[in-house]
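User: Could you take a close look at the ligand site for me? I'd also like to know what the rest of the protein around it looks like.

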Amino acid sequence: MSKKIIVAGLGHGGIAAAALLADAGYDVTVYEKAEKGTLGYDWTDIFAPGALKIAKIPMPDEDKYEYKEDMTFVAPNGTSKLRQHVPEAELEIKMERKDIYDLLITNAVDKGVKIIYECEVLKPIMLGNRVAGIRTSKGDFFADLIIDACGMNSPIRRNLPSSLMIQKEITRRQKVTIYRAFYNKASDVEVEDKFKVLLRPEGAESVAWVASEEEHTDLLIGRFEDFDMAEVERFAEWLRPDNPRLGTEIVRGGQFVEIPVRHPLSVMVADGYAAIGDSAFMTVPLIGSGIANSLKAARILAETVINDKTQGFGVEALWKYQVLFYKHLGTGLAPLECVKNLMFRFTPEDVNYCFDSGLLNDYNITMTANFGSFYDLIDFFDVNDLLNKAKQACSDIEFFKKMIGAGNKISLVSAACLAIPRRWDRKLVEVWAKGYDKFF
Ligand SMILES: Cc1cc2nc3c(=O)[nH]c(=O)nc-3n(C[C@H](O)[C@H](O)[C@H](O)COP(=O)(O)OP(=O)(O)OC[C@H]3O[C@@H](n4cnc5c(N)ncnc54)[C@H](O)[C@@H]3O)c2cc1C
């Protein structure tokens with residue numbers, strides 16, 4: 001009899017892993033709380049198409065996607081700007097979220113995955129230290145392996161016993177609250193910078209984008225605190241004089257959502273359990289993109305499961321998934337949380353300085369479809385140039401101290417990631433995970 005696998009939540013990584021595992025002969029069922037046909041948001045997402053190939057998912061039809069525009073980054077002073085120039089071959093694609101889901105679900109169902117909709121997962125069912133099943137709104141279900149793809153607030157992860165050493169909660173600064181809506185196009189005026197990203201607008205700890213599209217203007221506001229519609233409207237009004245195409249009528253979207261922007265889980269596996277996607281915090285902490293990483297992680301997880309000689313899916317076997325995830329993705333992702341945290345330490349004047357001094361430039365602010373790691377970020381910096389800029393920065397001792405502090409933290413975090421225990425040893429992993437988490 002084939003081994004049973006449950007995927008809790010129809011997250012992107014979960015459904016991609018489900019397809020790979022069903023294709024390999026496993027009996028895979030996904031339990032999703034939403035109604036069939038209602039998944040996703042009423043807006044588009046941007047991601048690297050190469051991740052589809054890694055997860056063995058076909059490219060979508062050409063009429064289902066377009067290539068992302070280059071972004072123009074605007075400093076808090078509102079006048080200093082930098083523009084990306086992403087080479088054509090390295091552009092990300094932009095797709096309706098519902099079409100991404102259609103692609104992933106069709107692929108999975110074709111491979112034999114069963115999906116139970118309108119079934120809310122409530123908590124894990126434990127058998128000693130093993131995750132043996134899930135309690136749901138439609139009853140209890142048991143399997144040999146539970147893949148947790150329920151997203152950032154997964155009720156499975158949050159209800160696991162502490163003895164499994166898996167972090168349950170996320171701090172306020174490790175998640176960003178996003179409001180996003182498409183507004184009507186208020187004017188036909190030609191816009192020079194079609195996709196503007198505003199860093200620390202009004203000096204607040206926030207980011208926003210205003211993207212002028214043919215039919216509408218896409219507004220996104222991201223903050224590290226809760227905010228409401230009154231604040232959205234006030235801010236949109238503040239933007240309008242400089243963005244005359246931003247209308248007042250919401251034509252699509254108009255929702256508040258949250259994205260994790262932190263290092264991946266320090267322990268993401270247990271006996272019979274593996275977390276993937278947002279439930280394991282696999283987004284790029286600097287920009288919140290998580291689709292490509294979830295798809296890549298799906299391939300690593302599926303291969304680990306298939307290669308488990310005992311097919312017992314114990315923590316020793318699943319730990320290999322975590323080690324490979326850190327090798328290929330996590331070690332590059334985690335230091336980006338330190339870069340994100342530097343943004344909290346910088347004053348708006350510091351950010352202006354980065355733009356005006358040339359510390360940041362059109363070249364190093366260009367993030368291609370392959371961007372997903374701290375090492376991709378520094379690839380874009382010329383070390384000699386950086387040292388010269390650092391000398392200039394020495395004249396501002398406070399700014400220099402912040403840069404040095406972040407540099408030290410990044411080195412320590414990178415070293416911690418590289419020192420991940422290669423084999424599961426509970427004591428060793430406990431010491432490693434505590435030390436690693438302490439940096440954040
Ligand atoms: C506004 C916004 C914009 C984004 N834009 C981009 C982008 O442009 N590019 C990019 O790469 N990434 C983007 N991301 C991030 C990206 O969506 C995620 O990182 C990625 O989808 C991985 O998350 P996930 O699929 O694991 O989790 P989720 O997307 O959170 O999916 C979890 C799934 O589990 C289901 N679920 C949750 N709880 C339960 C439960 N109790 N029982 C049953 N089912 C449950 C949910 O309904 C959902 O289907 C964006 C995120 C947001 C919120």
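Analyst: Here is the ligand site, followed by the domains, the cores and a few single residues.

Two housekeeping points before the tour. This is a predicted model, in which local features need pLDDT of at least 70 and side-chain atom pairs count only at pLDDT 80 or more, while totals for chains, interfaces and linings use all residues. Residue numbers start from 1 along each chain, as its sequence is written.

Now the ligand. It is surrounded by 33 residues, and the closest are Gly9, Gly11, Gly151, Gly277 and Gly290. A residue is near the molecule here if its C-beta atom, placed from the backbone, lies within 6 Å of it. By class, the shell around the ligand has 15 nonpolar, 12 polar and 6 charged residues. For those classes, Ala, Val, Leu, Ile, Met, Phe, Trp, Tyr, Cys and Pro are nonpolar, Asp, Glu, Lys and Arg are charged, and the others, Gly among them, are polar.

Several elements give at least two residues each to that shell: helix H1 (12–23), strand S3 (44–47), strand S13 (175–185), strand S17 (246–260) and helix H6 (291–306). Helices (H or I, at least four residues) and strands (E, at least two) are DSSP runs numbered from the N terminus. The protein has 12 helices and 19 strands.

The shell also takes at least three residues from each of domain 1 (4–170 + 262–337 + 417–438) and domain 2 (173–260). Those bounds come from an automatic or database domain assignment. Taken over C-alpha atoms, the centres of the two domains, domain 1 and domain 2, are separated by 28 Å. Where they touch, 18 residues of domain 1 are in contact with 21 residues of domain 2. On the domain 1 side, that makes 10 nonpolar, 3 polar and 5 charged residues. Contact means that the C-beta atoms of two residues, placed from the backbone, lie within 7 Å.

Stepping back to the whole protein, the C-alpha trace spans about 65 × 45 × 40 Å along its principal axes. The radius of gyration is 22 Å, which agrees with the value near 22 Å for a compact globule of 440 residues. That radius is taken over C-alpha atoms, and the globule rule is 2.2 Å times the number of residues to the power 0.38. Of contacts between residues at least 6 apart in sequence, 73% join residues at least 24 apart.

As for burial, 42% of the 440 residues count as buried. Buried means 20 or more other C-beta atoms within 10 Å of the residue's own, exposed means 12 or fewer, and partly exposed is in between, with C-beta atoms placed from the backbone.

The largest nonpolar core has 89 residues, of which Val7, Ala8, Ala17 and Ala18 touch the most other members. Helix H7 (residues 315–345) gives this core its largest share, 12 residues. Apart from it lies another core of 25 residues, including Ala181, Leu246, Phe346 and Leu360. A nonpolar core, by the rule used here, is a set of buried Ala, Val, Leu, Ile, Met, Phe, Trp, Tyr and Cys residues joined through C-beta atoms within 7 Å. Leaving aside neighbours within four places in sequence, the contacts of Ala8 include Tyr31, Val121, Ile134 and Cys150.

A few single residues are worth a click. Ala280 sits in the loop between strand S19 (273–275) and H6. It is buried because 32 other C-beta atoms lie within 10 Å. Beyond four places in sequence, Ala280 is in contact with Pro264, Leu265, Met268 and Ala275. Ala143, in the loop between strand S11 (139–142) and strand S12 (145–148), is buried too, with 22 C-beta neighbours inside 10 Å. Although Ala143 and Thr29 are 114 residues apart in sequence, their C-alpha atoms are 9.5 Å apart in space.

Finally, check the backbone at two non-glycine residues with positive phi. Glu118 has phi near 55 degrees and lies in the loop between strand S8 (114–116) and strand S9 (121–127). Glu118 counts as partly exposed because it has 13 C-beta neighbours inside 10 Å. Met165 has a phi of about 65 degrees, and its place is in the loop between helix H4 (155–158) and S13. With 17 C-beta neighbours inside 10 Å, Met165 is partly exposed.
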